[in-house]
Amino acid sequence: PPIKVKKSNSEEVAYRPVKLSRSDLYRPPTVEELNQLKEAESLFHCSLLKMQMEELLKEVTLSERRKLQIDAFIATVTKLLRAVPSSPEVEINDLSWLSNDVKVPILLLPKTQKGKFHMAPPASVDLIGSYPLGTCTKPRVVVDLAVTIPADILHPKDFLNQRYPRKRAIYLAGLAQYLTASSDIGSMSYSCLHGNRLRPVLLLSPPGKDSSIMTVRLHACPPPGFFKPRRFHPQMNNIRTGWYTGENNSQSEISEPPTPHYNSSLLGDLLPRAHLQFLSAVSAQCSAFPDGVALLKVWLRQRDLDQGTGCFNGFLASMLLAYLLTARRISNTMTAYQLLRNTLNFLATTDLTMNGISLAKDPDSTAVSDQHTHFRHWQTFTILHPKSDLCPTGLNFNRLKQISQLQHEASVSMQFWDDPMVDGFHSLLMTPKPMIRTSDHIFQLCELVKLQSSCKKLNLLSELMDHSGNYVHTVLPFILSLLQRGLGQRVILLTHSLSPEPEWLLESEPPKYKAQPPLTFGLLLRPELAMSVLERGPPADSPKAAEFRQLWGARSELRRFQDGGITEAVLWEGESICQKRLVPQQIITHLLQLHADIPESCVRHVGAIVDDVIKTGNKESSTGEEESLRVVQSYDDLSRKLWKLEGLPLSITSVQGAHPSLRYTQVFPPLSLKFDYSFFDKQKTFQQLVPKEGKPCPAYVNPITVICHMEGSGKWPHDRLAIRHIRAAFHIRLGELLKMQHNYTCRPCATHLDVLKDGFVFRIQVAYHREPQVLRERVTPEGLLIVRDNEEAQILEMNTIHKPLLTSTLHGLQQQHPCFGAACRLAKRWLGAQLFSDDITEDTADLLVAYLFLQPAPFTPPGSPQVGFLRFLHLLSSFDWRNNPLIVNLNKQFTAADYTEIKNDFMASRDFLPVMFIATPKDKNVSMWTKRAPTVQMLQRVVMVAAESLKVLEHQLIDGCQIQDVRVVLRPPLEAYDVLIHLNPKQVPLLDQAVDRPAVNFSRGVVLGNVVGSGTKMPVTDYNPVALYLAELRVSVIPSSFQFVLRQGGGLQAALWKVPAASCQQTETSQMSARIAEVTGKEAKTVPNVEAILEDFSIIGKDLVKSVEARTERWSF
């Protein structure tokens, strides 16, 4: 180990390496080192995982320096609290002794209350919670102090009718009033313990620059043993109906409804010291207990499960771990890693909603069983206290849905924990899982004040009393139960957001219940059932038919089915895939309106908002799935007919599609077009439709590439030019046979054959499997045969082998995950809109999205296009492209050994590999998909823009008050460009694909609709003057000066000066292209000839370029 050297009192400690002798360097490992190696080998995938865990624990645990600062502030606060002055006794409703700058941190509803109150110093001040236990973690360091209220302030009957909670809140207000005068205290505010309004706390922070290092949370508690715990049994009533409603009520206590939630809130203040004592005893027996709890807290934090009302907080995590240790489910000798693993395994395999956890000595007792039954009845989960069979330890009731989510997350974590193909550490503990990226469908309940009418309609007065008037928490379990019944098997998991812990100033009144953010619900969909438009119920004569009709109301009707059954059924609207995705939305809206009196205007669905940007044409009900399906069906028919062609000299060995639309990932799939012949002149020679002069540019017809491999034969020549001639002859012969046998309109060319079928143009390319090898061979003048790879062979191999294989593979992935294609289209829509299409190609984008479906850890595979798109942006912005390869395991062909090999080869050759490295089963070491692009600079920009887009988009989806629409993430910033070339919209064929579609469009000679037959005239195919103009600019003399990009839709091109071209240079005759000379004294330099360059833009794009906007304020030569 290094030697610590202290330079001086004011300087930090410096470390110097120790020089070891040769014998020390090669001495045998010690017993401790051998044990560590054995532990890493048996418990971890590799020693790297063990080191990652250790480093994480160092990051989240408190340093000794931080502990000293905390102890000093705690001592100061304790000293101040013990000096709190006493005050005269007054009525509990008399708050005149408090200053106007301090309010009571509780909603006083009802306002009237009996009792006396006076201030007095606390009976004791004790540390409780995670800090004395050693489980307090960063970054949010909270230290809990229990302030014991003197016994003479309380009355033994104060548990009735909110007397104790009010005295508790008033006592905290008195403490706050006293502490405001001290300069040793920084900021102060109120909050609620885990969102429970009956348990307010006072938050203190140190003064000055240390204010952010910690927060002290003051809890006011009754003296130990002051209240009898059995008074807080779940079946007991402690709030009288007459007092709450203000009406005279002669009901006896026995007939009053139970108040389990209220009871638990009070009981929570009785047990913190006993909990600390119990947990300290457990921790003393298990040395890894603090670290195990810390890891479990990190796991909960990344999944947003440890904050807010009903959360599974750090205390419950500690109690769960203590239960497993005391029940001998895990051993005291286990490491923190083993504790975390076994805890998650327990959560994943145990149904806690049915079987409660008991720390009682006799867990099988009838009392314990009855207690768990009571908690299940009230839709809660709890851990019973070790010293009492009738009091829960947590007292922070967790909804069953939250426990279900906890168990689901544990189950997902265990599925990929041991997978050597997944980076378990980052997936488990380092990747955040916000609801917007986890759930497939999101909706929000806004205007929470309307939930009061829900309480009335559902007749929830007893439950409202139990929750002390909190109508949001009162109606929430009933809404969840209602939605679970209605959605049924359509969802795997139904969750809701946890209400954040409110925090407000001392001088402010406590926030109203309606002031909290909208309630957000998340649905994890079951893909095979979620989009079903038919909800088939029980037979008409079944006893369950009445229950079905009661659930669905007027939407339920009797229907007769093909199997002869007559049953109740509900039919939802939905013709296209896009509409069927919204069936859960229809169910939710209908049920909430029918049963909870929540109007549709209060329900905000955000599960498919982003889908609007890929809706096709004028029909706003399709996101491209139906169009892609028609293309695939037409291709399948063409493929079958190609296989059956008679008269070819060689047989066809394979027909493969090589176009994104055949894998459902084309942003705007080709449409089946009918042609308006009055728009065209007919060219008789080639049966071609040519636009009449003066007409707008015709609609862009995107040819669908089909690769047709012919069988090998000795008759194939071994010369590259001869092979091309043979392929051209095959194109001619194929066209003749298709015309003769199927009456298809064909146009053969040397490189391909265009076939018009069903309104689509298929571009058939004949391929010979040995042609790439022929292109690699070269004979030297000496007669030697040299085989050397070259770009021409690589491009041919890519187009005829790899792209067709990728298309068929991704087509299969689309069949497994119906939203894969739509997620790809959203991703490519964003790339094109942000001017990144040239850097992240279509094939690369499809592979990136495929990775999200094939290796979704720590998530489940996306169940909606929007979630897939959000995860795509997160992948782009967070993946470590410099140090890790992206391994896409298509068809599950990779093994664990392949993963290791790829990563080792990647690290060994990193400097020579593309900056974005994507490995596939057919391409382990080269990354041919990203070999040419992106560059380092462009990848950095993609990462930066993706991170900002993700941030803006998630904020807009969650925050319904945003004015801008989601298309803001598709509008690229143009301020960075030096020249903007505005184009004539009349000559832009893809104008309707712009992010912001123009108000006026042009007739381009087509009529949308299904085409019957094959047609007789071939349209102008693959003609996009904007793309041709851009290509011409890039190959002319101008590209030495500019880098060009095209805005999606084609209405605008942007140009950016290249750094060398924009600078002054020494005069050289070989570098005078687009430059002029400037003479300064005896020195001559060249600068860009701006006027000539801008004029060339207009000359090259005559009739296409509308104007050239030069942003001269950005230029500096």
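This report covers a buried helix, salt bridges, aromatic pairs, a surface patch and unusual backbone geometry in a predicted model.

## Helix α29

Helix α29 spans residues 842–854, 13 residues in total. From its first C-alpha to its last it reaches 18 Å, close to the 18 Å expected at 1.5 Å a residue. Because 11 of its 13 residues are buried, α29 is largely enclosed by the rest of the structure. The buried residues are D843, T844, A845, D846, L847, L848, V849, A850, Y851, L852 and F853.

These buried residues pack against three helices and two strands: α27 (791–816), α28 (820–833), α30 (865–878), β32 (886–887) and β33 (918–919). The loop that runs between α29 and α30 contains P858, and the peptide bond from A857 to P858 is cis, with omega near 5°.

## Salt bridges

The structure holds 48 salt bridges. One of them joins D144 and R217, with the closest N and O atoms 2.7 Å apart. This pair links distant parts of the chain, since D144 sits in strand β6 (residues 142–148) and R217 in strand β9 (residues 215–221), 73 residues apart. D144 and R217 are both buried. A second salt bridge is formed by R341 and D418, at 2.5 Å between the closest N and O atoms. Here R341 belongs to helix α12 (residues 336–349) and D418 to the loop between α14 (400–417) and α15 (424–430), 77 residues apart. R341 has a relative accessible area of 24% and counts as partly exposed; D418, at 44%, is also partly exposed.

A further salt bridge connects the side chains of E954 and R437 at 2.6 Å, N to O. It spans 517 residues of sequence, from R437 in helix α16 (residues 435–438) to E954 in helix α32 (residues 936–958). E954 is buried at 16% relative accessible area, and R437 is buried at 5%. Elsewhere, salt bridges with shared partners join R663, K803, K828, E842, D843 and D846 into one network. Of these residues, D843 and D846 are among the buried residues of α29.

## Aromatic pairs

There are 23 aromatic pairs in the whole structure. W97 and F117 form a stacked pair, 5.9 Å centre to centre with 20° between the planes. W97 lies in the loop between β3 (90–91) and β4 (116–117), and F117 lies in strand β4, so the pair ties together parts that are 20 residues apart in sequence. W97 is partly exposed at 24% relative accessibility, whereas F117 is buried, with a relative accessible area of 1%.

W716 and Y768 make another stacked pair, at 4.2 Å centre to centre and 5° between the planes. W716 is in the loop between β26 (704–710) and α25 (720–742), and Y768 is in the loop between β29 (760–767) and α26 (771–776), so this pair ties together parts 52 residues apart in sequence. Both W716 and Y768 are buried. In addition, F159, Y164, F226, F227 and F232 form one aromatic cluster.

## Surface patch and D898

V779, L785 and V787 make a nonpolar surface patch of about 290 Å². V787 is part of strand β31 (residues 785–787).

D898 is located in helix α31 (residues 896–908). Its relative accessibility is 13%, so D898 counts as buried. Leaving aside residues up to four places away in sequence, D898 touches Q893 and K924.

## Backbone geometry

Most residues other than glycine have a negative phi, and most peptide bonds are trans. Besides the bond before P858, a cis peptide bond joins L109 and P110, with omega about -10°. P110 is in the loop between β3 and β4, the loop in which W97 also lies.

E447 is not a glycine, yet has a positive phi of about 50°. It is placed in the loop between β14 (441–445) and α17 (451–457), where E447 is partly exposed with a relative accessible area of 45%. D758, likewise not a glycine, has a positive phi of about 55°. Its position is in the loop between β28 (753–757) and β29, and D758 is partly exposed at 23% relative accessible area.

Technical notes: Residues numbered from 1 in each chain as written. Predicted model: local features only at pLDDT ≥ 70, side-chain atom pairs only at ≥ 80, totals over all residues. Heavy atoms only, no water. Patch = residues over 30% accessible without salt bridge, like charges linked within 9 Å, V, L, I, M, F, W, Y side chains within 5 Å. Areas by Shrake-Rupley, 256 points an atom, 1.4 Å probe, with all protein chains shown as cover. Salt bridge = Lys/Arg side-chain N within 4 Å of Asp/Glu carboxyl O. Helix = DSSP H or I, 4+ residues; strand = E, 2+ residues; numbered from the N terminus. Expected span 1.5 Å × (residues − 1). Buried < 20%, exposed > 50% of the residue type's maximum accessible area, 1.4 Å probe, protein only. Contact = heavy atoms within 4.5 Å. Phe/Tyr/Trp six-rings, centres within 6.5 Å; stacked < 30°, edge-to-face > 60°.
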